[in-house]
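Please open the structure in the viewer and follow the stops below in order. Each stop names a selection and then describes what is found there.

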Amino acid sequence: MMATEPGQRSPASGPAAGDAPAPTTPPAPPTDAILEVRGLRHAYGGSAEPVIDGLSFVVRQAELVCVVGPSGCGKTTLIRCVSGLRPTEPGMIRLDGVDVRGVPDDTAVVFQDYGRSLFPWLRVAANVDFPLSRRGLSRPERRRRVGESLAAVGLEHVADRYPWQLSGGMQQRVAIARALAYGPRLMLLDEPFASVDAQTRADLEDLVLQVRADFGVTILLVTHDIDESVYLADRVVVLSRGPARVLAEIPVDLPHPRDQIATKELDAFVHLRGEVGRLVRRAAGGSAVPGATVGAAGPAAG
Amino acid sequence: MRGFGRLVERWAVVLAVGAVWQLVTVRADEVFFPPLSDILVRARDNWLSGPASSLFLTPAVGADVAPSLGRLAAGWLLAVVAGVGLGMAIGLIRDLGDYVDPLVEFVRAIPPPALVPPFLVVLGIGTRMKVVLIAVGVVWPILLNTIDGARSVDQAALDTGRAFRTGRVRRLTHIVLPAAAPKIFAGLRVSLSIALILMVISEMVAANGGIGFTIVTAQRSFAILDMWAGILLLGILGYLLNTLLLVVEGRVLAWHRGARGRGEP
């Protein structure tokens with residue numbers, strides 16, 4: 001599977017046989033690729049039926065890529081494979097050109113279930129500080145990083161509270177601050193806003209964009225929300241279901257900074273949303289729309 | 001004033017029972033059931049009539065109460081260390097758990113006082129026997145609760161630890177142990193009350209000192225007041241020890257009470 005050049009639409013070839021990893025030398029990845037997923041295949045517990053089969057895409061330096069797909073298509077499994085929490089075969093996932101064996105040093109995960117992934121016995125600051133213990137930092141440096149990360153998510157004032165004293169949205173902010181403080185090359189977010197209310201969700205989406213703009217982090221975000229994927233991403237990767245493969249990669253050339261209202265009013269946004277939506281519906285096996293044209297959202301900027 | 005009022009409220013039942021006991025015993029005038037007031041006076045004479053320089057404690061406290069408490073503490077702490085340590089290992093290493101579980105279930109079903117005869121034979125009547133008896137008798141609730149706690153650590157917490165490449169030791173001390181702490185503390189509370197029972201039993205059987213010894217000796221020499229005073233003292237000690245543990249638990253597990261109080265989000 002070819003890695004898509006910036007500004008170029010890959011054809012929505014569907015789960016074509018041609019997507020299987022080529023036996024010949026694969027094409028060289030873009031030089032600025034941070035994450036390369038190549039022909040990823042994953043089956044649970046020796047089951048013959050893989051959840052993911054022949055999944056390939058690339059995330060470049062400072063890019064924000066959203067992976068979107070119907071529920072149950074293996075998005076969370078993908079994040080668990082990329083983060084090294086689930087073992088994969090050699091060559092399937094590379095980070096900075098190096099094979100991912102086990103959990104890499106430079107990735108941070110923000111889990112969907114913030115309530116369980118923050119430690120209830122630690123205060124907010126201690127939760128953010130938790131992963132820093134193995135970074136070999138001095139105490140003042142750690143304190144500085146924790147303060148900076150909490151400030152970035154607007155939560156300096158609750159550093160001494162416990163996570164369970166905060167609202168769900170604030171807890172997820174703490175989780176983002178924790179990932180940020182860790183200083184990762186790649187930040188992985190697994191359906192991060194799936195369990196908060198709509199207003200909080202919009203705020204958190206803007207927070208992610210803000211953090212990305214301020215810190216230049218590379219982000220891979222998995223979601224089932226089509227609006228969210230288009231609003232956040234530089235590129236949307238649409239997955240098919242059973243097994244998961246890349247159905248299409250759609251560059252999102254909406255202007256920055258994005259705005260919850262103004263951006264979503266743009267014709268380009270509406271088009272992209274429709275495009276992604278049709279693909280996701282097709283992937284879900286719903287009413288297939290024959291004219292699910294890919295690349296109908298106007299010329300792609302470079 | 002309100003705090004005082006609440007205190008009176010909480011203790012009203014105790015005071016009422018004490019008053020009834022006093023009235024009944026005074027009227028009955030039974031040799032073996034002396035009035036509560038007499039028992040309290042005797043208890044004060046025995047243990048709280050010393051000089052101010054030693055906080056009014058009498059030498060009897062040093063001779064009887066201190067050794068008892070020392071053995072209790074030693075046996076219980078030994079059980080805490082062994083129970084938590086082994087429980088963590090059994091709880092975290094699945095294969096080990098599979099082999100050890102049935103054995104643990106069997107051994108803990110043996111009533112600890114039944115171990116007194118063999119321990120007497122092997123360890124004699126000294127302090128060592130009593131400490132070991134207490135430790136062996138009370139380790140089970142701690143062990144079982146720790147195993148349960150270590151096994152039921154939230155997968156999300158473990159995943160978080162792994163995602164940030166938390167080392168083995170730190171994962172144990174900073175994730176598994178705090179997550180299991182609420183269950184461990186439940187075991188500690190049960191084991192503390194059993195420890196008090198075993199302390200008394202060991203001192204009654206292998207008589208060479210301690211509160212249990214005092215009670216038995218008093219009974220055998222018809223010092224009925226001393227016997228009741230000893231029983232009263234045991235009750236008070238048990239209450240104080242449990243209160244102390246609850247205070248420690250309240251501090252260590254403040255997060256747990258708070259988190260649970262909020263309910264699941």
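Does Trp228(B) count as buried or exposed? In this predicted model, Trp228(B) has 19% relative accessibility and therefore counts as buried, the limit being under 20%.

Keep Trp228(B) selected and add Phe33(B). The two residues form a tilted aromatic pair, with 5.9 Å from centre to centre and 40 degrees between the planes. This pair joins distant parts of the chain, 195 residues apart: Phe33(B) lies in the loop between helix 1 (2-28) and helix 2 (36-47) of chain B, and Trp228(B) in helix 10 (residues 224-252) of chain B. Phe33(B), at 46% relative accessibility, counts as partly exposed.

Next, select helix 8 (residues 168-205) and helix 9 (residues 211-220) of chain B. Their axes come within 7 Å and cross at roughly 50 degrees, which means that helix 8 of chain B is oblique to helix 9 of chain B. On the side of helix 8 of chain B, the contact is made by Met199(B), Val200(B), Glu203(B) and Met204(B); helix 9 of chain B contributes Ile211(B), Gly212(B), Phe213(B), Ile215(B) and Val216(B). Of these contact residues, seven are nonpolar, one is polar and one is charged.

Finally, turn to the aromatic pairs, of which there are eight over all chains. Select Phe119(A) and Trp121(A): their ring centres are 5.3 Å apart and their planes lie at 15 degrees, so the pair is stacked. Phe119(A) counts as buried at 0% relative accessibility, and Trp121(A) counts as buried at 13%. Add Phe130(A) and Trp255(B) to display the cluster that ring pairs form with Phe119(A) and Trp121(A).

Terms used: Residues are numbered from 1 along each chain as its sequence is written. Chains are lettered from A and ligands numbered from 1 in the order in which they are written. This is a predicted model: local features need pLDDT of at least 70, side-chain atom pairs count only at pLDDT 80 or more; totals for chains, interfaces and linings use all residues. Side-chain values use heavy atoms; hydrogens and water are left out. Axes are lines fitted to C-alpha atoms, for helices over the stretch in contact, and angles run from 0 to 180 degrees between N-to-C directions. Helices (H or I, at least four residues) and strands (E, at least two) are DSSP runs, numbered from the N terminus. Angles under 35 degrees count as roughly parallel, over 145 as roughly antiparallel, 65 to 115 as roughly perpendicular and the rest as oblique. Contact means heavy atoms within 4.5 Å. Ala, Val, Leu, Ile, Met, Phe, Trp, Tyr, Cys and Pro count as nonpolar, Asp, Glu, Lys and Arg as charged, and the others, Gly among them, as polar. Rings of Phe, Tyr and Trp (its six-membered ring) pair if their centres lie within 6.5 Å; planes under 30 degrees apart count as stacked, over 60 as edge-to-face and the rest as tilted. Buried means under 20% relative accessible area, exposed over 50%, partly exposed in between (1.4 Å probe, protein chains only).
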